[in-house]
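Thanks for asking me to look over this model with you. My comments are set out as numbered points, so you can take them one at a time with the structure open.

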Amino acid sequence: MSAVASEPVKQTLVDRTRAVLTHGLDVYRGTPHAGRLAALRDRLDQPLRVAVAGRVKAGKSTLLNALVGERLAPTDAGECTRIVTWYEDGHTYQVRAHLAQAPPRQLRFARENGQLDIDLGGLAAADVEELVVTWPAQALRAVTLVDTPGIGSLTESASRRTWDLLVPDEEETPADAVVYLMRHLHAGDVEFLRAFHDSEVSRPSPVNAIGVLSRADEIAVGRLDSMASARRVATRLGEDPSVRRLVQSVIPVAGLLAETSVTLTEEEVGRLRTIADLEVRDAEELLLSADRFVSTRPELGLTEPERTSLLDRFGLFGVRLASTMLRRKVAGTATDLARELAERSGLNQLQDLLSSLFFERRDVLKCRSALLAVGEVVRELPLPGSDSLAAEVEAVVASAHPFNELRVLSGLRSGWVAGKEEVVAELERVIGGAGGATHQRLRLPPDAPGPDLAAAATDALTRWQRRAENPFTSYELAVAARVAVRSCEGILADLSPH
Ligand SMILES: Nc1nc2c(ncn2[C@@H]2O[C@H](COP(=O)(O)OP(=O)(O)O)[C@@H](O)[C@H]2O)c(=O)[nH]1
Ligand SMILES: [Mg+2]
């Protein structure tokens, strides 16, 4: 039976965005923009693109490896760290170089000690626009990760490439979302984030950026309570109004430990056991400093290169933590230890956050990037027909509820929408600011039964309707409250069997 005209099939945001892009292709057929629009349409079916950004040596590549679960991105120095590199899922292992002045070229690569080593084949880093590493990896199915050389890179051109990727002048932002690493906040970080957000639909916008206080183990100089100190610093940063309007939240991550936890070897655990077998006081003395760890107690049974390699992989904090956990039998096997280290490094928390703030909203984030880009095409090259295209973009952006939620979220974060603390906190949750899942919006446990969810959603709906209609509610809050009402209605509609 065909659909009845009076009951149009509900179009999703992705459908509507795809229709805009298809129309755009019609308008721009035969122009240089056609390819760009086609690529944008393809992107709707591809994984979300998340860039890892921040200053040089912030620990970006290390953290990217932790997220992939393999040591693909080169860390420290080396030519390849200066090149913007994409890591995407695929059927075969492959590395391509996109060049400024020549067609793309396939590159040779090798793996040594689990690390990917790319041979630039005589190319200079400056000649390479970007590298694309295709790698069959579970983690890359949901997300394509982009490693950046970092702002303030050693060379002007590497710095500029990072900037172009995140804050392009002309083209759409190639990334849908950003994990921004900061070691300690300074003016340059805020300025960078601000510029990135200036190219957004609703600015300033914390909707697609998460802040990571990176190299968290170093904050309390590697003491065992380092992560607790880092958490305090991160919380303070996350409450700072100038940071809140730029990133959704700031969490501490000890990236090196995170990377090592997902690539831990039995051999490494064996070496850590040697330290764990020492008397507590002897172990503490050995681990007082990196120098001491490498050069004292020659009778220990660990060579100098073995000790140096432990330091490179775990950091002093990681060696302390891991050997202590083995000694106290918090972890018995390599698998246990890997799990504990992943948890304590902050990696699990980061993954949860990425999942609730980015992956669950991936369609909205992708559509947002695409519609922004269409808007730019229209501005760059006005043609007959581009006015109606621009109007369509407007219409989708204005009417799609998820975009309204994002707009309110930015409004809350930037202080445009203000109210009583608990009201603002509830508003932020209901519109999906702490995660888009129903239970998260209603602040219920993940396994809350349907009737509980429905009851909570009905309560919330009543509350937000009352706030929206209350004459004492400020104008901004009333607008936001109407968005919250729609969110509650959406939740109830999803819960209802009809
Ligand atoms: N102690 C410690 N060192 C780290 C951490 N993350 C990265 N590093 C080290 O910092 C250096 C720079 O890291 P890298 O990931 O290359 O930084 P990038 O320039 O931002 O990509 C390397 O020597 C890493 O081993 C961390 O969480 N803790
Ligand atoms: Mg790097």
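The points below start with the whole chain and then move to the ligand, the helix packing and a few single residues.

1. A word on the whole chain to begin with. Please keep in mind that this is a predicted model. The protein chain holds 22 helices and eleven strands. Of its 498 residues, 42% count as buried. If you look at contacts between residues at least 6 apart in sequence, 71% of them join residues at least 24 apart.

2. Next, the surroundings of ligand 1. Which residues come nearest to ligand 1? Of the 17 residues around it, these are Gly 59, Lys 60, Thr 62, Thr 75 and Leu 256. By class, the shell around ligand 1 splits into four nonpolar, seven polar and six charged residues. Two helices, α3 (60-68) and α9 (255-262), each supply at least two residues of this shell. With three residues, α3 gives the most.

3. Those two helices also pack against one another. The axes of α3 and α9 come within 8 Å and cross at roughly 35 degrees, and the crossing is left-handed. On the α3 side the contact is made by Thr 62, Leu 63, Asn 65 and Ala 66, and on the α9 side by Gly 255, Leu 256, Ala 258, Glu 259 and Val 262. Sorted by class, this contact has five nonpolar, three polar and one charged residues. You will recognise Thr 62 and Leu 256 from the previous point: both are among the residues that come nearest to ligand 1, and both belong to the contact between α3 and α9.

4. Just ahead of α3, Lys 57 deserves a look. Lys 57 lies in the loop between β1 (48-54) and α3. Its phi is near 70 degrees, a positive value in a residue other than glycine. Is Lys 57 buried or exposed? Lys 57 counts as buried because 20 other C-beta atoms lie within 10 Å, and 20 is the number at which a residue begins to count as buried.

5. Staying with α9, I would pick out Leu 257, which has its place in that helix. Leu 257 counts as buried because it has 28 C-beta neighbours inside 10 Å. Leaving aside neighbours within four places in sequence, Leu 257 is in contact with Asp 217, Phe 314, Gly 315, Gly 318, Leu 341 and Ser 345. Leu 257 and Gly 315 are 58 residues apart in sequence, yet their C-alpha atoms are 7.4 Å apart in space.

6. The second helix pair to check is α10 (residues 266-276) with α13 (residues 304-327). They pack at an angle of about 60 degrees, with their axes 9 Å apart, which makes α10 oblique to α13. The crossing of α10 past α13 is right-handed. From α10, Glu 268, Arg 271, Leu 272, Arg 273, Ile 275 and Ala 276 take part; they meet Glu 306, Leu 310, Arg 313, Val 319, Ala 322, Ser 323, Leu 326 and Arg 327 in α13. The contact of α10 with α13 has seven nonpolar, one polar and six charged residues.

7. Helix α14 (residues 334-344) brings several of these elements together. Its buried residues are Leu 337, Leu 341, Ala 342 and Arg 344. What covers them includes α7 (226-239), α9, α10, α13 and α15 (347-357). Leu 341 is also one of the contacts of Leu 257. After α14 comes Gly 346, with a positive phi near 95 degrees.

8. Before α14, in the loop that joins α13 to α14, sits Lys 329. Lys 329 is not a glycine, although its phi is positive, at about 60 degrees. Lys 329 counts as exposed because it has 9 C-beta neighbours inside 10 Å.

9. Lastly, a residue towards the start of the chain: Thr 17, in helix α1 (residues 13-28). Thr 17 is buried, with 28 other C-beta atoms within 10 Å. What does Thr 17 touch, not counting residues up to four places away in sequence? Its partners are Leu 44, Cys 367, Ala 370, Leu 371 and Val 396. The C-alpha atoms of Thr 17 and Lys 366 are separated by 9.5 Å, although the two residues are 349 apart along the chain.

Notes:
Residues numbered from 1 in each chain as written. Chains lettered and ligands numbered in written order. Predicted model: local features only at pLDDT ≥ 70, side-chain atom pairs only at ≥ 80, totals over all residues. Axes fitted to C-alpha atoms, helices over the stretch in contact; angles between N-to-C directions. Helix = DSSP H or I, 4+ residues; strand = E, 2+ residues; numbered from the N terminus. Parallel < 35°, antiparallel > 145°, perpendicular 65-115°, else oblique. Left-handed = near helix turned anticlockwise from the far one by under 90°. Contact = placed C-beta atoms within 7 Å. Nonpolar A, V, L, I, M, F, W, Y, C, P; charged D, E, K, R; others polar. Near = placed C-beta within 6 Å. Buried ≥ 20, exposed ≤ 12 C-beta atoms within 10 Å, placed from the backbone.
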